[in-house]
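Please look through the sequence and the structure below before reading on. The paragraphs that follow begin with a term, move to a loop, and end at the DNA.

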Amino acid sequence: ILLVGFTIVQGLLSNKLALMDEILQVIAAMETQLSNGPTCNNTSNGPSTISNNCSSPVESGSIEDSKTNLIVNYLPQNMTQEELKSLFGSIGEIESCKLVRDKITGQSLGYGFVNYVDPKDAEKAINTLNGLRLQTKTIKVSYARPSSASIRDANLYVSGLPKTMTQKELEQLFSQYGRIITSRILVDQVTGVSRGVGFIRFDRRVEAEEAIKGLNCQKPPGATEPITVKFANNPSQKTSQALLSQLYQSPNRRYPGPLAQQAQRFRLDNLLNMAYGVKRFSPMAIDGVTSLAGINIPGHAGTGWCIFVYNLAPDADESILWQMFGPFGAVTNVKVIRDFNTNKCKGFGFVTMTNYDEAAVAIASLNGYRLGDRVLQVSFKTNKTHKA
DNA sequence: TACGATT
């Protein structure tokens, strides 16, 4: 009976955590989409659209369609402006960098702007960092376009969707009313099943208005129930977000008890699976507490946990370290050590992670990882200077 | 093959 009870409580807790996370993501997505979000394409990751041609002809291309200024969407909630700069600075010299925060709470709104000195670096950043997985998020990197009134408030909230409806089908349903910028169907984080709720962002508000007129209270083809289509909530209602964010970052999460640890472990496993697919990692059985006992604060440096990465290729760069370690948790800094003259990687680098548990899992997962034709060796940094 | 500094 105890065991059953434990399992139930555990299930409830992990569900709650997952739901909370999802709620936060939804809010972040709403705000991102309501802001000066990326306007082109949205089907998948990778170096997708790289033009600005989506804004209306009247407003685009006039003074300057900046080829250096990027908007970065879907950043992890806890990512700071410094980390953003560090990440994108690994590509090239940055002219300016801005993480957009809530004016009242100071919380990140999950997006920011990075302006490079060189347009070439901006393009490179899109090609290499768009689609990068960081913790629970897949960041989106695209050219920032000048804001304009006509593209604002074009985000729709859709509910009552058939659980079987796919994102593609959702887009098909709405595309008759205008150009769809982003679409999303929310899924249960545990089961992956559609929650029957989604968002559609049109290019222009008028298109969104027409979609409401045409689709609200209507049954999609083959559906048995009508859907609800309305404008997504305006992010000016910040109270709920502040509450949720504070809840999410409660002491319970930072210093979890055994139960919460289990839930976090569960979440982390899922995240890892999402980030890297399957069997690239051996099954992990890391116990943050006991493994800590056997180690004399290796790699600990007040600012975080420093990790030594050995056997990097000569052409390795910082972005690969971000890509490898980012999915495991908060990464504050990465560094590839290069030869001063050749500028080639000397075969190793360092990664700083904020949280011990995440660093430990990253090490356990990435040590022995095959990168190209090399097998990496990953461990906490020691104090050893090349003695003998 | 192995543990950072041209800010």
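A residue is called buried if its relative accessible area is under 20%, exposed if that area is over 50%, and partly exposed in between, as found with a 1.4 Å probe on protein chains only. The model is a predicted one, in which local features need pLDDT of at least 70 and side-chain atom pairs count only at pLDDT 80 or more, while totals for chains, interfaces and linings use all residues. Residues are numbered from 1 along each chain as its sequence is written, chains are lettered from A and ligands numbered from 1 in the order in which they are written, and side-chain values use heavy atoms, with hydrogens and water left out.

With this scale, D102 counts as buried because its relative accessibility is 3%, whereas T105, at 36%, counts as partly exposed. D102 lies in the loop between β2 (94-101) and β3 (108-116), and T105 is found in the loop between β2 and β3 too. Helices (H or I, at least four residues) and strands (E, at least two) are DSSP runs, numbered from the N terminus. A polar contact is a pair of N or O atoms within 3.5 Å; within protein, one atom must be able to donate a hydrogen and the other to accept it, and residues adjacent in sequence count only if both atoms are side-chain atoms. In this loop, a polar atom of the D102 side chain lies 2.8 Å from the backbone nitrogen of T105, and a polar atom of the T105 side chain lies 3.1 Å from the backbone nitrogen of Q107.

Seen as a whole, chain A has eleven helices and 16 strands, and of its 388 residues 46% count as buried.

Now turn to one sheet. Strands of a sheet pair through backbone hydrogen bonds, either parallel or antiparallel; here two strands are said to pair if DSSP finds at least two bridges between them. Four strands form an open sheet in the order β12-β13-β11-β16, with antiparallel pairing, and the edge strands, each pairing on one side only, are β12 and β16. Between β11 and β13 the antiparallel pairing runs over six bridges, and F308 has F350 in β13 as its bridge partner. Helix α11 (residues 356-366) packs on the sheet and touches β11, β13 and β16, where contact means heavy atoms within 4.5 Å. The direction of α11 makes about 155° with that of β16, axes being lines fitted to C-alpha atoms, for helices over the stretch in contact, and angles running from 0 to 180 degrees between N-to-C directions. Because nine of the eleven residues of α11 are buried, this helix is largely enclosed by the rest of the structure; among the buried ones are Y356, V361, I363 and L366.

Which residues come nearest to DNA strand B? Of the 16 residues around this strand, they are Y310, F340, Q377, K381 and K384, where near means that a heavy atom of the residue lies within 4 Å. A base nitrogen of DNA strand B is 2.9 Å from an N or O atom in the side chain of Y310, and a base nitrogen is 2.5 Å from such an atom in the side chain of Q377. In T382 a backbone N or O atom lies 3.1 Å from a base oxygen of DNA strand B. The elements that give two or more residues to the surface near this strand are β11 (305-310), β12 (331-338), β13 (345-353) and β16 (377-380).
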